[in-house]
Amino acid sequence: MELNLTDDQLLIRESAARFVSDRGRPEAGAVGFDRALWGQMADMGWLSAGIGEEFGGFGGPVEIALIAEELGRGSSAGEYLGAAVLGPQLLIASGDAEARDRLLSGIVAGETLLAAAISEPDAAGNLASVSTRANSSGAAFRLDGTKTLVLAGDVADLFIVSARTSGDSGAEPGISLFLVHADATGVSVQPTPLVDGSSAATVVFENAEGQLLGIDGEGFAALTAMAEQAIAAIAAETVGMMEAVAEITAEYFRSRKQFGMLLGQFQVLQHRLADMAIDAEMGRATLLVALATFDLTDPRIRALRFAGTKAAAGEALRRVTEAGVQAHGGMGMTQEYPVGRYLQRMVVLDAILGAPAVHLALCAKTLAEEQA
Amino acid sequence: MEFAADPEEDAFREEIRAFLKDHLPADLEARGRRHYTATREEMLRWQSILHAHGYGQPHWAVEHGGKGWTGRQRMIFDQELANAHAPVTNVQGFALFGPVLNAFGTPEQQAQFREPLLSGTVVWCQGFSEPGSGSDLASLRTSAVRQGDNWVINGQKIWTSQASLADWIFLLARTSSEGKKQEGISFILVDMKSPGVSVRPIISIDGQHHLNETFFDDVVVPADNMIGEPGQGWSIAKFLLNNERLFGSADMPALYMSLERVMDIAGRQKANGQRLLDDAEFAARVARLYFEIAVIEMKMIETIARGAMSERDLSIVGSSIKVRATEVYMKLTQLAVEALGDFGAVAFPDPEGTAPAQPAPGPQHAEGIAVAYFYSRAAAIYGGTNEIQRNIIAKAKFGF
């Protein structure tokens, strides 16, 4: 194991950090997908950073993590996670070389926005919980169903949709992936702005035409591969967010006085801050656990460790962001003061791909099976 | 970054496993599966076996009798020993005193003390805390007064683990009351057989005897038994504590063993007609701790990979690991007790102890579980309480 960053990786981190500090945090109450920001990310090559060299990119999970962490610090990773990680990673994981070669160059150039439509109202984080159906109709398929929490779905040009060609909801076999144009007949996109101001949509498919990606009925493996990438990215964003909340809180403790003392002189508050720092320290190790898991081959261990990552990162982020708001007293309640943005983002990250409790239950089940 | 498994690491692990399979005595392994304190004989016998095979303290430098292993190798070694249920050896001697001896001891002191330590013939204990000096260690009052070629020591130490088993104690004593309180402290080695040394047991809440009060009444110690110079004791003590900021704070063996016990018990124990481990709520609590251990392990790997660190950074990382690892450890020992159900509340005397119960009052896997729960409370107290660790983090990281 070699944990030092390469020169190229150091450059990515540096440029991401500079970008975030130059840009500042988004305006209080800003809502929607920032197209200008998206163009800048494309210009800086960030949309290729999570794509392997064999597909024309220059990176992988570590590069994604470096960018996500810095964006998380600046509380502005909404666009990146949805449109640069989920969609493109699902396209690559689908194994459909034709679609990949046709679409990827436009995606990394920031010209085509591809969103992953992979969750449903009652999925609760289970990617196999797919009720949306696809029926073959000649060379194409027709899709019927509703997808929720489609990140960047309100601005996407294309969707990759998980839909069932056989079996019942909950079964891993029978799930297939389809490419659907946002402006196709039978696709209705209902924007659903999220609590952190980032952009998503509920997308309803009614007899909408879709192009099969990869092998019919074998889409679940690709969903899993995409989820692994996304969970690592979330763990990285979480590290940046936790460090930022701790630093913002420390800054507040250095400036605010009550009873003639700086808040930072109260030991009870020092300890709250120390707990945030501990979560941030361990959060970085959680991210490394996730990154190291990409090199493991046993699917059971992979599932266990990525689920553990989502659970641990989520629980830690919840602790830190809630404590951050509490530490600021009334100021923590305001839209204007930055600490609350991280709490809002935490709620969104919790919902994406399933809450910590869902993933903890997955780990628990695997462990119980292990102990024969 | 490169995360692929290192094949040399796997070969190394196999080497350790093979050694343990051939050389860990069955009676030590059986006892290691429970959580009763290792006896002096057990500690020394196991250490002599380790030493005979070159594993006396293999992460020490070659010139200090080790093999110069890397931190990663030490982690793997510790993990394999824990998985094999090998006894914990004399922590005070190896983890605390040994590195001080290697770094600050004169050639004569090193020649005198290292070999008996490594070969498993002596046990050491530590005399730092005093009744009035716990977290505020520098306020200690035990005195050492120079008389000719000797130091004469008077005072009292407390929480001296293993003092009743120990041949030697390394202690902090005040050799001057001038200047700052830290400046008058010295680091002295005392033969426990010296006239004037007396040990009084403190039975802890686990019902076991590892803690003691140790009294020094005009104890005469040769001047050669001081490590470093008079007044250097505080900086040596800081060196000692910093040395253990990583491995001592994490205490990975305790985590591995505690997790294994919880899994084992919850896999046997029935609740509502199913294994307790199949109860979703209980299993989720175990799973959380399982993953936390993987994270702490990774924090160790990450920290080792960073190499030399500033004292400030080491404080932040070390204290963070200490708080998190002890919290996980205490939750694991609590879950093990809870998993036992009714037998969690039953007292299981040490079957090899002075007053074993005949027959044992319940299933064998219940032995030592409550003892471990009570003992684990100490982990968040010794080496600086978790509250002190949080103070350290607030100061080092944020300047408060």
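Start where chain B meets chain A: four salt bridges turn up across that interface. Keep in mind as you click around that this is a predicted model.

For one of those bridges, select Glu315(A) and Arg288(B); their closest N and O atoms sit 2.7 Å apart. Then widen the selection to polar contacts, and you get 15 residue pairs across the interface of the two chains, with both partners at pLDDT 80 or more.

Now colour the side of chain B that touches chain A by helix. Four helices each put in at least two residues: α9 (252-268), α10 (280-306), α11 (311-339) and α13 (386-398). Linger on α10(B), since its 14 residues are the largest share of that side. Switch to colouring by residue class and the same side of chain B splits into 23 nonpolar, three polar and 11 charged residues.

Zoom out to take in the whole contact, with 37 residues from chain B and 47 from chain A. About 4100 Å² is buried between the two chains, and carbon and sulfur atoms give 69% of it. Which residues of chain B lose the most area to chain A? Pick out Met1(B), Phe3(B) and Phe400(B), which together account for 21% of what the chain B side buries.

Next, leave the interface and go for salt bridges in general; there are 48 over all chains. Select Arg17(B), which has two partners worth showing as sticks. One is Glu14(B), with the closest N and O atoms 3.5 Å apart. Both residues sit in helix α1 (residues 7-23) of chain B, and because they are three residues apart there, about one helical turn separates them. Arg17(B) is partly exposed at 39% relative accessible area, and Glu14(B) is partly exposed too, at 46%.

The other partner is Glu80(B), where the N to O approach to Arg17(B) is 2.8 Å. This pair links distant parts of the chain, from helix α4 (residues 71-83) to helix α1 of chain B, 63 residues apart. Buried or exposed, what is Glu80(B)? Show the surface: Glu80(B) is buried, with a relative accessible area of 4%.

Jump to Lys238(B) and Glu311(B), whose side chains meet in a salt bridge at 3.6 Å, N to O. Here helix α7 (residues 233-243) is linked with helix α11 of chain B across 73 residues. Lys238(B) is partly exposed at 40%, as is Glu311(B) at 46%.

Last stop, chain A: select Glu69(A), Glu70(A), Arg73(A), Glu243(A) and Arg284(A), which salt bridges with shared partners join into one network.

Terms used. Residues numbered from 1 in each chain as written. Chains lettered and ligands numbered in written order. Predicted model: local features only at pLDDT ≥ 70, side-chain atom pairs only at ≥ 80, totals over all residues. Heavy atoms only, no water. Contact = heavy atoms within 4.5 Å. Buried area = accessible area lost by both parts, 1.4 Å probe. Polar contact = N/O pair within 3.5 Å; in protein donor to acceptor, adjacent residues only side chain to side chain. Nonpolar A, V, L, I, M, F, W, Y, C, P; charged D, E, K, R; others polar. Buried < 20%, exposed > 50% of the residue type's maximum accessible area, 1.4 Å probe, protein only.
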